[in-house]
Amino acid sequence: MSHATPHTCFVSEQDGSITGAILAGHDGRRGYIYHTAVNPAYRHQGIGTALVNAALHALANEGIIKVALVVFSCNDAGNAFWERLGFTACGDLTYHNKALCAITRIDT
């Protein structure tokens with residue numbers, strides 16, 4: 001089972017406010033970035049990149065050599081961000097999910 005751990009999750013703060021966060025973890029073989037967010041008022045300041053680098057470093061320290069994440073295909077800014085950081089789209093995978101209750105989809 002894969003899960004986030006305190007060693008692989010990070011928060012960015014400025015002036016007492018949270019400006020960004022990343023939740024990452026691994027299953028012992030592959031690392032996963034579950035969520036990454038930067039407050040819109042603080043974007044384009046390197047916060048996202050710093051958070052990703054911290055998480056990747058922490059995962060590498062735990063022996064992880066490959067990291068995966070999911071981004072909505074319509075999230076142009078998000079996909080561009082990950083590609084700038086060297087992540088590539090996998091065309092050989094099919095993403096599956098199942099709602100366990102009624103939900104309203106929010107594409108963010």
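## Close-up views of the predicted model

The face of helix 2 turned away from its buried side carries four exposed residues, Asp76, Ala77, Glu83 and Arg84. The model shown in every view is predicted.

**View A. The two sides of helix 2 (76-84).** Gly78, Phe81 and Trp82 are the buried residues of this helix. They lie on the same side of helix 2, because the arc they cover around the axis is only 90°. In an α-helix there are 3.6 residues a turn, so residues three or four places apart point the same way. Strand 4, helix 1 and strand 5 are among the elements that cover the buried residues of helix 2. After the helix comes Gly86, which has a positive phi near 95°.

**View B. An aromatic cluster with members Phe81, Trp82 and Phe87.** Ring pairs connect these three residues. The centres of the Trp82 and Phe87 rings are 5.1 Å apart and the planes stand at 80°, so this pair is edge-to-face. Trp82 is buried, at 9% relative accessible area. Phe87 is buried as well, with a value of 16%. Phe81 belongs both to the cluster and to the buried residues of helix 2.

**View C. The stacked ring pair of Tyr32 and Tyr34.** The model has three aromatic pairs in the count. In the pair formed by Tyr32 and Tyr34, the distance is 6.3 Å centre to centre, with 20° between the planes. Tyr32 is partly exposed, at 24% relative accessibility. Tyr34 is also partly exposed, and its relative accessible area is 33%.

**View D. The largest pocket, with a volume of about 2300 Å³.** The lining consists of 47 residues, and the closest to the pocket centre are Leu69, Val70, Val71, Phe72 and Trp82. Strand 4 (31-38), helix 1 (47-61), strand 5 (67-69) and helix 2 (76-84) each contribute at least two lining residues. By class, 24 residues of the lining are nonpolar, 16 are polar and seven are charged. Trp82, one of the residues closest to the centre, is also part of the ring cluster with Phe81 and Phe87.

**View E. The surroundings of Gly20 in strand 3 (residues 17-26).** Gly20 is buried, with a relative accessibility of 3%. Leaving out residues up to four places away in sequence, Gly20 touches Phe10, Val11, Ser12, Ala37, Val38, Ile47 and Leu51. Tyr42 is 22 residues from Gly20 in sequence, and the C-alpha atoms of these two residues are 8.3 Å apart.

**View F. Two loop residues, Asp15 and His44.** Asp15 sits in the loop between strand 2 (10-14) and strand 3. Its phi is positive, near 55°, although the residue is not glycine. Asp15 is exposed, at 79% relative accessibility. His44 sits in the loop that joins strand 4 and helix 1. The phi of His44 is likewise positive, near 65°, in a residue other than glycine. His44 is exposed, with a relative accessible area of 84%.

Methods. Residues are numbered from 1 along each chain as its sequence is written. This is a predicted model: local features need pLDDT of at least 70, side-chain atom pairs count only at pLDDT 80 or more; totals for chains, interfaces and linings use all residues. Side-chain values use heavy atoms; hydrogens and water are left out. On a 1 Å grid over the protein atoms alone, a cavity is a set of points where a 1.4 Å probe fits but cannot get out, and a pocket is an open set with protein on both sides within 12 Å along at least five of seven lines; lining residues have an atom within 4 Å of a point. Grid points are joined across faces, edges and corners, and a volume is the space filled by probe spheres set on the points. Ala, Val, Leu, Ile, Met, Phe, Trp, Tyr, Cys and Pro count as nonpolar, Asp, Glu, Lys and Arg as charged, and the others, Gly among them, as polar. Rings of Phe, Tyr and Trp (its six-membered ring) pair if their centres lie within 6.5 Å; planes under 30 degrees apart count as stacked, over 60 as edge-to-face and the rest as tilted. Buried means under 20% relative accessible area, exposed over 50%, partly exposed in between (1.4 Å probe, protein chains only). The arc is that of the directions from the helix axis to the C-beta atoms. Contact means heavy atoms within 4.5 Å.
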